[in-house]
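Dear colleague,

Please find below the structure I wished to hand over to you. My notes on its ligand sites follow.

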Amino acid sequence: MQSLEKMVRSIGNPVIGLVLALSTLSVFAEENRRPNIVFIFSDDHATQSIGAYGSKINKTPNIDRLANEGSIFLNSFCGNSICGPSRASVLTGKHSHINGFYTNSGGTQFDGSQMTFPKLLQKSGYATALVGKWHLVSDPTGFDYWEVVPGQGSYYNPDFYTSAGQDNKKRYEGYITDITTDLGLKWLDERDKDKPFLLMCQQKAPHRTWAPNLKHLYNYEDAPVPEPSTLFDDWKGRSNTLAGNEMSIKDHFIYQWDMKFQERVPFANDFESRLNEPEYARMNPEQRAVWDAYFEPRNAAFLASPPTGKDLTRWKYQRYIKNYLRCIDSVDENVGRVLNYLDENGLTENTIVIYSSDQGFYLGEHGWYDKRWMYEESLRMPFLIRWPEKIAPGTRHEQLIQNIDYAPTFLEAAGIERPNGIQGKSMVSLYEKPNSQNWRKYVYYHYYEHLTEHGVPRHDGVRGERYKLINFYSNDGWSLYDLETDPDELKDLSKLPEYKDTLIHMQGQLARLRAQYELPEYAESMKH
Ligand code: SGN
Ligand code: CA
């Protein structure tokens with residue numbers, strides 16, 4: 001930067017020089033005002049387990065701070081409910097068929113040469129960093145610093161790698177959620193403080209196999225976690241495809257994996273005995289001692305008199321949900337660490353903080369775990385945002401937003417021109433008018449990973465403010481739900497004559513969105 005004095009001297013006329021210098025200064029002042037962005041992104045965190053979304057099963061005081069001090073989007077959705085595809089949409093602001101990342105399976109690499117919002121922020125003068133789970137196969141692009149876990153990563157003593165490659169992995173002792181935050185905060189300390197910054201802090205938790213921080217193992221011990229009303233859903237009255245799922249609490253947990261047994265359970269079938277707990281092998285002797293002290297007596301009690309029938313499903317639900325919620329306890333604690341860091345370093349006012357997760361998850365609803373289906377629990381993504389300079393505390397948004405909206409929002413917040421081709425809408429205007437009706441009324445959804453792990457068929461669809469239309473286009477046709485009268489989505493209305501007009505209306509919306517987003521023919525989508 002040219003000094004003021006030098007500029008005035010080189011211009012000769014002190015008055016013109018001073019005017020020019022002052023306007024230059026105001027540009028720099030503007031530059032300093034560009035907001036920082038801290039994007040905290042977890043993996044598989046369902047809104048049903050966030051206090052601010054009305055959780056009945058746990059508390060998340062730190063995540064809730066964002067809603068109290070900023071805003072919450074009550075109708076926030078993904079476009080393809082699975083990890084890599086959702087992340088690719090976040091980075092590009094485009095649906096899967098445009099950004100090229102359709103499924104986690106099939107060996108796709110994210111094309112990191114395409115436009116992403118971190119790249120544009122970096123180019124416009126932001127310091128950029130990414131830590132934690134990446135899961136897009138190719139190396140991250142657009143970050144001054146990145147340090148990520150291979151694939152899904154591990155909970156205990158995790159490996160991380162950098163641009164030095166996966167052959168040069170570094171193992172950190174401790175628990176992944178803490179370590180990911182440590183790396184992010186260390187970078188914040190060491191960053192170039194003359195630049196605004198983007199930090200993407202991407203937590204692996206609470207992804208399967210739901211291994212808690214050992215200090216949280218005894219949380220939720222006192223009482224059973226309430227069950228969802230659809231834990232014993234029989235999948236009748238809806239698409240036949242539902243019964244083909246492999247994600248039920250009843251039949252599809254693996255004892256030595258999800259249920260935390262070390263030995264084959266005598267009455268378990270082969271499906272339920274396929275794998276061994278992946279985290280146990282990574283723990284050091286002290287960690288194992290803590291783990292064993294918790295699980296061994298409880299496993300022994302289970303084996304001594306195993307529950308049967310519905311009680312067995314209930315037992316599995318408790319073991320699953322408690323470990324899942326314990327993982328979230330750690331995520332929430334680490335959100336608190338980040339917020340405290342911003343407070344202590346005078347960064348709160350001018351920093352946008354977002355909490356989100358790559359998709360929702362079934363916490364026993366429909367008798368399930370996992371995601372992928374277009375039903376509400378896995379279609380939803382949390383989206384909480386605090387930006388003290390623009391957003392009034394306690395703002396609640398009803399508008400339908402989607403993960404393709406994040407990139408254009410960050411770009412507009414940073415004053416960067418929106419490049420052609422982005423499919424999402426910037427949400428910045430909604431901060432000035434939280435009740436704005438000038439917003440989309442329907443979102444498009446498309447899941448491609450056909451009948452892989454968990455047995456979910458490909459489908460697309462449209463989610464409106466009241467109705468949801470799903471098209472199981474390669475095997476079963478239409479489903480239609482009324483979210484107002486049937487929020488649990490237990491009754492498919494698509495074949496009922498009295499809903500014919502609604503069906504036609506929603507089919508029209510689907511066709512409109514497919515044209516707007518330039519979807520190819522269904523036959524083409526079936527190649528992915
Ligand atoms: C793993 C899990 C699945 C999960 C996928 C996708 N199996 O394959 O249960 O659906 O990841 O998750 S596990 O046996 O490895 O636990 S995603 O978040 O990456 O989309
Ligand atoms: Ca995920």
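How far is an oxygen atom of ligand 1 from an N or O atom in the side chain of aspartate 43? In this predicted model, the distance between them is 3.4 Å. The side chain of lysine 371 also has an N or O atom 2.8 Å from an oxygen atom of ligand 1. For arginine 372, a polar side-chain atom likewise lies 2.8 Å from an oxygen atom of the ligand. Of the 460 Å² of accessible area that ligand 1 has on its own, the protein covers 87%.

As to the surroundings of ligand 1, the shell consists of 17 residues, with Asp370, Lys371, Arg372, Glu453 and His454 the closest. By class, eight residues of this shell are charged, six are polar and three are nonpolar. Ligand 1 takes up the space of the second largest pocket.

I turn next to ligand 2, a calcium ion. Asp43, mentioned above for its polar side-chain atom, is among the protein donors of this ion. The others are Asp44 and Asp358, through OD atoms, and Gln359, through OE1. Asp358 is listed twice, and the donors lie 2.1 to 2.7 Å from the ion. The site has six donor atoms, with angles of 51 to 174° among them, and is irregular. In sequence, the donor residues follow the spacing D-D-x313-D-Q.

Yours sincerely

Conventions: Residues numbered from 1 in each chain as written. Chains lettered and ligands numbered in written order. Predicted model: local features only at pLDDT ≥ 70, side-chain atom pairs only at ≥ 80, totals over all residues. Heavy atoms only, no water. Near = heavy atom within 4 Å. Polar contact = N/O pair within 3.5 Å; in protein donor to acceptor, adjacent residues only side chain to side chain. Areas by Shrake-Rupley, 256 points an atom, 1.4 Å probe, with all protein chains shown as cover. 1 Å grid on protein atoms, 1.4 Å probe; cavity = no way out; pocket = protein on both sides within 12 Å on 5 of 7 lines; lining within 4 Å. Sits in = over half its atoms within 2 Å of the grid points. Nonpolar A, V, L, I, M, F, W, Y, C, P; charged D, E, K, R; others polar. Donors = N, O, S within 2.8 Å, 3.2 Å for Na, K, Ca; no water. Tetrahedral: all angles 85-135°; square planar, octahedral: opposite > 155°, others 65-115°.
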